[in-house]
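Visitor: I should like to take a close look at one part of this assembly, namely its aromatic side chains. Please guide me through them in one connected account.

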Amino acid sequence: MNKKQKANESSRRKFLKIGIGIGAGLATGLGSRELLASDSEIEKKTGKKVKLLTAEGKLVEADESSISYKTVKPALGEEAKEGLPNRKFVMVIDLARCKNARKCVDACQEGHHLPKDHEWIKLYLLQDSEATAPYWFPRPCFHCDSPLCVSVCPVGATYKRSDGIVLVDNQRCIGCKFCMTGCPYSARVFNWTEPHVEEKTKEEIGPYSPETNFPPVEGTVGKCVFCADNLRNNKLPRCVTACPMGVIYFGDVLEDTVTNGSDTIRLSTLLKDKSGYRYLEELGTQPSVYYLPPVNRKFPVERGFKGLEPEVKERYSNTQYMNKQKDNE
Amino acid sequence: MNKQKKEKMRNQYYISQLFFILCFFTTIVMVAETEAEEVEILEIYSDMSYLKQSDGNMQFTVVFTFDGEEDTEAVSNVPVSFYTNEDEPVKIAEVYTDMTGTAVLRIAPDYKFPLNYDGYFYIKAVFDGNEKFEGSESEISYIDISLDLSFDEIEGKKYIVAKAYKLNKSGGIEEINDEDVFFYVPRMFTRLPIGSGYLEEGKALLEFPTELPGDTIGKVTVVARIEDHSVFGNVEKISSVKWGIEKINTYSEDHRALWTEIAPKWMMITLMIMLSGVWGHYIYTIGQLFKLKKDA
Amino acid sequence: MNNSKVDQLLKEFTPELENTSKSWYFIFLICILIFAFGIYGLVTQITEGHIVTGMRDHVVWGVYIVNFIFFMGLSYAGALISGVLHLFKSEWRKPIIRMSELITVISLVIGPVFILFCIGRLDRLHYLIIYPRIQSPITWDVIAISTDIIGCFIFLYLSFIEDFAYLRDYKNLNVKPWRKKIYRILSLGYKGTIIQKARIKRSKNIMAAMIIAIAIIVYSVLAWIFGVTLQPGWHSTIFGPYFVIAAVYSGTGLLIIIMWIYREIYHLEEYITLKHFVNIGTLLLIVGAFYGYFTFSDYLTKWYGSVKMDKKLIDALFTNYYGLFILANYVGVLVPIVVVGFRRFRNIRNITISAVITVIALWVNRFLIVVPTLETPYIPIQDTRSEWLTYSSTWVEWSLTMAGVAVFCMLFMLATKLVPIVSISELAEENERGLMRE
């Protein structure tokens with residue numbers, strides 16, 4: 001009973017946050033988009049009416065009841081090549097807090113309806129050298145500013161937008177896989193077979209858009225899209241909101257602000273204070289994802305193995321860390 | 001012998017009657033219980049919050065939820081009555097909850113609230129209940145204050161100035177001191193906290209952050225907030241100033257690089273030269289072959 | 001025109017055009033069967049998707065790309081012998097020109113087909129033409145290969161014209177009428193006049209120069225497909241020249257093999273002598289030495305510098321792929337050098353065996369370039385599935401490889417039925433010039 005109560009408590013809190021968020025959003029008149037870290041269902045279903053009690057005691061409809069809560073659909077075809085105006089997206093991942101909870105992976109798989117084989121964000125157990133400590137390393141696509149994958153595509157199926165996001169158009173891709181060899185971070189996946197897609201989901205999501213990369217096409221390439229469909233609705237990417245530790249920060253570099261859903265901080269401050277860096281900077285690809293070094297770790301590395309499915313745990317069996325464990329035994 | 005037998009039979013008769021009556025009552029109770037189970041009314045939870053908005057409206061948001069099978073679910077489309085005055089509740093409005101179980105009521109700034117002795121207003125939101133849900137109510141009580149937000153340059157430095165005041169009983173303006181005011185800048189997903197000030201001598205100052213990006217012309221919108229205060233609730237004031245850095249995306253459509261749509265110039269030129277050189281020779285050779293045929 | 005010499009040559013070489021032996025049909029049938037098996041593999045791949053190959057998300061290029069590079073490399077036989085030696089006007093090359101040019105054109109036709117097997121969506125192949133991106137090495141490759149194929153076809157055809165003219169005029173030619181018609185049409189009314197001869201000669205000179213240039217460009221572009229990426233092992237500045245040398249090496253090896261085969265079958269001992277084998281063998285030696293030098297240089301610099309990823313790659317090569325590495329880079333280099341270099345070993349049989357070893361070693365060398373690099377990316381592969389960790393090719397890929405070889409044999413055999421295996425016109429010319437000198 002206690003567990004259920006607890007669960008209900010937290011979901012109630014979530015509800016309140018949403019409700020109050022909507023309320024607060026309405027208040028500013030700036031466009032509630034800017035203030036919600038919220039659920040798309042509310043935006044779809046809400047037919048919000050706000051009542052205003054005037055000084056005379058009359059109850060009228062408030063002006064803001066005309067705010068539309070319609071979700072903006074992902075852009076199709078040529079429109080998808082245009083980035084969101086005056087934005088440049090950046091991500092910061094705090095390695096000090098990551099404990100391989102894999103909620104980001106689950107949220108991404110679910111949100112994009114990915115088959116189990118495809119992981120657009122992968123979690124690695126890296127260890128830079130013998131004496132340095134191992135750490136958990138979430139790796140989404142880095143959406144590089146100097147993307148080699150885009151340079152080598154022979155048909156222009158993958159492109160970089162003005163807002164920094166690199167997308168793949170599965171209706172143009174010929175499946176030569178040159179981009180997969182071009183990416184030094186192994187960020188891309190390939191549809192080796194006909195992907196299993198449910199008709200119901202297909203109808204829900206609508207026609208193919210490079211921003212959702214759904215439905216996937218056999219013989220083409222897929223990768224992390226920084227949830228471009230969410231960004232059109234001023235919502236954070238799914239991995240950011242799913243992380244229980246607030247490891248992933250996301251934001252607009254031109255606004256100098258990143259947030260992990262609960263903490264909002266200036267990007268310049270974060271990178272300066274925590275000595276942010278980019279992975280394999282010397283390759284010159286100019287990634288849009290910064291990492292904060294695993295200093296003052298909140299959890300020991302072993303926490304990352306807790307509760308893992310055996311198949312997932314096996315993946316790390318050949319890492320430097322696990323080999324050392326085996327040697328010690 | 002007969003008498004004993006008769007008594008025994010009488011006892012048996014009483015016992016069996018008792019037994020039947022017991023069964024009967026048990027059945028009735030069981031039936032009643034099942035019927036009761038079918039019409040059990042669900043308990044609901046309510047939560048109300050208050051925000052004094054920038055334009056002076058007072059916004060009351062109340063959310064009604066209940067414990068569904070797996071998760072919390074919303075109590076939607078039910079009437080919520082708002083009452084004021086704690087001692088003699090007066091109904092001032094009725095709002096229906098939406099799909100998320102939220103009902104929002106705004107009250108214009110010059111609405112005459114009945115205040116209690118200490119100057120607090122009182123709002124109660126009541127859902128009376130229906131065949132499915134129990135009734136629930138939620139109440140809050142705060143003092144109504146307002147914030148003022150302005151921007152000043154003092155001794156060459158840029159400051160954000162916040163003032164808090166309330167109307168006292170005689171209609172005069174009373175300064176509020178010794179409270180924290182938090183400042184934010186609204187960004188794409190959330191609000192960026194830029195600092196806080198302490199109300200002293202009627203105002204709270206915060207030095208304007210250096211190199212803060214604004215919009216395309218450098219305008220920065222600032223939100224001043226008194227947050228989760230036990231007496232004042234949440235109070236906001238929003239204003240903007242053109243002290244920020246202009247936010248311009250320097251990405252150019254005409255940019256030529258390896259990863260853009262248009263190739264670098266030298267690449268195209270080199271390719272043209274090489275192709276024309278080789279194919280020129282091919283065409284010459286094929287021409288020779290045609291002439292060969294003609295010569296024959 | 002020295003008619004008697006030409007007649008003698010025609011009498012000698014037309015029987016192969018006229019009659020087809022039983023063994024020809026038998027070998028052709030085997031090739032067709034292998035080809036059919038390859039088609040079955042292809043159909044499996046098309047219906048079930050690329051999952052039936054051994055390629056997965058990390059090793060995305062496998063046997064198909066290796067075959068592509070390999071067959072493209074074989075086409076260098078023509079570039080070298082026909083192109084370079086033509087410009088040198090060396091006389092001894094004449095009996096083997098036809099063979100080398102046929103090898104060139106046929107392998108150029110087969111090579112790109114292997115890329116098609118590797119492409120995920122064949123129905124969008126035309127996008128390469130209508131939406132090309134000039135910055136992509138694959139676009140360079142498409143342009144270069146199509147230019148190369150057309151150039152080599154033109155060059156081949158130029159060498160056919162005179163022979164077709166002789167065949168057209170040969171009264172005793174005993175072939176079906178439709179074939180005679182082909183000779184008539186394709187010879188473009190060549191009568192052997194001075195102007196016509198001059199035209200052909202000029203065209204051949206131009207095309208020979210073009211072929212050399214194009215061949216180098218094509219193979220360099222292919223090398224740059226690997227060279228411009230950042231992958232450890234591929235991002236090497238030597239790749240352009242290295243691939244060109246390796247291609248010449250493999251082409252020369254194949255040429256020796258074909259020379260030997262047709263010398264045996266058609267009894268061409270008079271025309272293709274030990275001298276030819278030794279000359280081509282010497283070329284093999286020189287190019288093989290260069291190939292060994294480039295390979296050594298590449299791996300020495302990788303090994304000596306302590307770059308982590310290079311070290312990982314070299315470790316993988318020397319542990320997982322040790323046997324193959326030795327075959328490709330030690331045996332494949334040393335055997336031809338020893339065989340041709342020492343007079344004691346220098347006979348036709350040995351040279352041919354070393355050529356076979358060369359060709360196989362070079363296939364393995366391409367494999368070692370493509371696959372181990374993809375198995376050691378910058379971010380180490382952490383995965384449970386064994387087929388995602390290492391590459392293991394499947395029957396589909398091998399069936400298509402065998403089919404490629406079978407198609408090569410088939411096309412070559414068909415070509416020998418169309419034209420004489422030795423260029424009659426060139427040989428006649430040689431004798432003519434010899435006569436004139438006397």
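Visitor: Are Y299(C) and F325(C) buried or exposed?

Guide: Y299(C) is buried, and F325(C) is buried as well. Please bear in mind throughout that this is a predicted model. The wider setting comes first, and the pair follows.

A search of the whole structure finds 69 aromatic pairs over all chains. One of them is formed by F114(C) and F117(C), whose ring centres are 5.6 Å apart with the planes at 85°, so this pair is edge-to-face. An angle over 60 degrees is the cut-off for that class. Both residues belong to helix α5 (residues 94-118) of chain C, where they stand three residues apart, about one turn of the helix. F114(C) and F117(C) are both buried.

The pair in your question, Y299(C) with F325(C), is likewise described as edge-to-face, at 5.2 Å centre to centre and with 75° between the planes. Here the two rings come from two helices: Y299(C) lies in helix α11 (residues 274-304) of chain C and F325(C) in helix α13 (residues 322-341) of chain C, so the contact ties together parts that are 26 residues apart in sequence. Y299(C) has a further neighbour in K302(C), which lies over the face of the tyrosine ring at 5.4 Å from the ring centre.

A charge over a ring also occurs in chain A. There the charged end of K177(A) sits over the ring of F190(A), 5.1 Å from the ring centre.

Ring pairs also build a cluster that draws on chains A and C. Its members are F178(A), W61(C), Y76(C), Y219(C), F226(C), W234(C), F239(C), Y242(C), F243(C), Y249(C) and Y291(C).

One more aromatic residue leads into the strands of chain A. Y290(A), in β13(A), is the bridge partner of V92(A). Strand β3 (residues 89-94) of chain A is joined to β13(A) by four bridges, and the two strands run parallel. Both strands are part of an open sheet of five strands in chain A, ordered β12-β11-β10-β3-β13, with mixed pairing. At the edges of this sheet are β12 (264-266) and β13 (289-292) of chain A, each of which pairs on one side only. On average, neighbouring strands of the sheet are turned by 25° against each other, direction ignored.

As for confidence in chain B, its mean pLDDT is 87, and 96% of its residues reach 70 or more.

Definitions and conventions:
Residues numbered from 1 in each chain as written. Chains lettered and ligands numbered in written order. Predicted model: local features only at pLDDT ≥ 70, side-chain atom pairs only at ≥ 80, totals over all residues. Heavy atoms only, no water. pLDDT = per-residue confidence, 0-100. Phe/Tyr/Trp six-rings, centres within 6.5 Å; stacked < 30°, edge-to-face > 60°. Buried < 20%, exposed > 50% of the residue type's maximum accessible area, 1.4 Å probe, protein only. Lys NZ or Arg CZ within 6 Å of the ring centre and 35° of its normal. Pairing = 2+ DSSP bridges. Axes fitted to C-alpha atoms, helices over the stretch in contact; angles between N-to-C directions.
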